[in-house]
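The report below describes one protein chain, moving from its overall make-up to individual residues and their contacts. Please read it alongside the sequence and the coordinates.

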Amino acid sequence: MDIPQITQKPTTITFIGAGNMARSLIVGLLQDKANVVLRVADPDQQQLDAIRKHWPDVLTTTDNLEAMQGADVVVLAVKPQIMRAVTETLAEAAQRSRPLFISIAAGIREAALNRWLGGNQAIVRCMPNTPALVQAGATGLYANPQASEKQRSVAESILRAVGITLWFDDEIKLDAVTAISGSGPAYFFLVMEAMQTAAEQLGIRAEDAHLLIMQTALGAAKLALESGDMPAELRQKVTSKGGTTEAALKVLTGGGLQDLFVQALQAAESRSRELAAANS
């Protein structure tokens, strides 16, 4: 007698919004061969057509409520300035079906989302960053009390498809996460930009400088991740007394680089709190 195979019911995930971050999550989930049914809702038919062209198994619609029907998870991937209008139109359906809501919008507190959705909703707030677009992201997560352990696990698995994830028990910490990893890629891009300018002034061709800088940045990050050493230890290991690296670092530290970074991250965290207050 044949024994029937027991298969786990796929998780239905609906994305409200078809922007870059939603698309990166779709790519990550498909590459992971996750047991999911994916839906995307967006008012821009061209965005939906592009998704169907690349991923024909993804269901698309311009109707948010249609996409939400029967969904286990609803990923809110719209711009912060339209989040309230979007979520308020979902409130009645949310009260009936009670899916897990995952918000990837910066600067919108869980309490505001919950209120706009009619209250008592399971919500996970996420702060991803742009390297998620190449499955190399870093995401901070916070779950409200209504989110079950299973729902927390589902949220983590979705965001882990595009990089690493870290949980925080205090939602306020996401403001610091925003300052560190959310805005962080721009800090490194600025350093790369400055190095590019300096390299060209030293007589290196632009394309050669670009290649050297990109590979150096990649190699430094890879070494820092895989060595197990803290950045300060790695810096000391490559800084010979009286050498070229020491000469360069003396200029950077003498110019107050460390203090500038502290001030910069504090400014970013403060701005994140201001935006959250404005959207409450």
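A residue is called buried when its relative accessible area is under 20%, exposed when that area is over 50%, and partly exposed in between. Because its relative accessibility is 26%, glutamine 135 counts as partly exposed. The model is a predicted one, and every value given here is computed from it.

**Backbone at two loop positions**

Glutamine 135 is found in the loop between β6 and β7 (137-143), and its phi is positive, at about 55 degrees, although the residue is not a glycine. Most residues other than glycine have a negative phi. Lysine 33 also has a positive phi of about 55 degrees without being a glycine, and its place is in the loop between α1 (20-31) and β2 (36-41). With a relative accessible area of 72%, lysine 33 is exposed, whereas glutamine 135 is partly exposed.

**The chain and its annotated spans**

The chain contains 12 helices and 8 strands, and its C-alpha atoms fill a box of roughly 70 × 50 × 40 Å along the principal axes. Of its 280 residues, 38% count as buried, and the accessible surface comes to about 16400 Å², with 58% of that surface belonging to carbon and sulfur atoms. Among contacts between residues at least 6 apart in sequence, 62% join residues that are at least 24 apart.

An unreviewed UniProt entry annotates residues 12-107 as "domain: Pyrroline-5-carboxylate reductase catalytic N-terminal"; this span is 47% helix and 23% strand, and its end C-alpha atoms lie 27 Å apart. UniProt, again in an unreviewed entry, places "domain: Pyrroline-5-carboxylate reductase dimerisation" at residues 172-275, a span that is 84% helix and 0% strand, with its end C-alpha atoms 12 Å apart.

**Salt bridges**

The structure holds 14 salt bridges, and three of the pairs are set out here with the distance between their closest N and O atoms.

| Acidic residue | Basic residue | Closest N and O atoms |
|---|---|---|
| Glutamate 88 | Arginine 84 | 2.9 Å |
| Glutamate 171 | Arginine 125 | 2.9 Å |
| Glutamate 156 | Arginine 160 | 3.1 Å |

Glutamate 88 and arginine 84 both lie in helix α4 (residues 80-97), where they are 4 residues apart, about one turn of the helix. In helix α6 (residues 149-160), arginine 160 and glutamate 156 are likewise 4 residues apart and thus separated by about one helical turn. The members of these helical pairs are partly exposed: glutamate 88 has a relative accessible area of 40%, arginine 84 has 45%, arginine 160 has 45% and glutamate 156 has 23%.

Which parts of the chain does the salt bridge between glutamate 171 and arginine 125 tie together? Glutamate 171 forms this salt bridge with arginine 125; because glutamate 171 lies in the loop between β8 (163-167) and α7 (173-182), while arginine 125 lies in strand β6 (residues 122-127), the pair ties together parts that are 46 residues apart in sequence. Glutamate 171 is buried, with a relative accessible area of 11%, and arginine 125 also counts as buried, at 2% relative accessibility. Elsewhere, Arg109, Asp175, Glu269 and Arg273 are linked in a network of salt bridges.

**Surroundings of serine 103**

Arginine 125 also appears among the contacts of serine 103, which, leaving aside neighbours within four places in sequence, include Leu76, Met83, Leu113, Val124 and Cys126 as well. Serine 103 is found in strand β5 (residues 100-103), and its relative accessibility is 0%, so it counts as buried. A polar atom of the serine 103 side chain lies 3.3 Å from the backbone nitrogen of alanine 105.

**A nonpolar surface patch**

Val191, Met195, Leu252, Leu257 and Phe261 make a nonpolar surface patch of about 400 Å². The elements that give two or more residues to this patch are α8 (184-201) and α12 (257-278). Leucine 257, one of the patch residues, has its place in helix α12 and is partly exposed, with a relative accessible area of 34%.

Conventions: Residues numbered from 1 in each chain as written. Predicted model: local features only at pLDDT ≥ 70, side-chain atom pairs only at ≥ 80, totals over all residues. Heavy atoms only, no water. Buried < 20%, exposed > 50% of the residue type's maximum accessible area, 1.4 Å probe, protein only. Polar contact = N/O pair within 3.5 Å; in protein donor to acceptor, adjacent residues only side chain to side chain. Contact = heavy atoms within 4.5 Å. Patch = residues over 30% accessible without salt bridge, like charges linked within 9 Å, V, L, I, M, F, W, Y side chains within 5 Å. Areas by Shrake-Rupley, 256 points an atom, 1.4 Å probe, with all protein chains shown as cover. Salt bridge = Lys/Arg side-chain N within 4 Å of Asp/Glu carboxyl O. UniProt positions renumbered as here; feature names shortened; annotations may be inferred.
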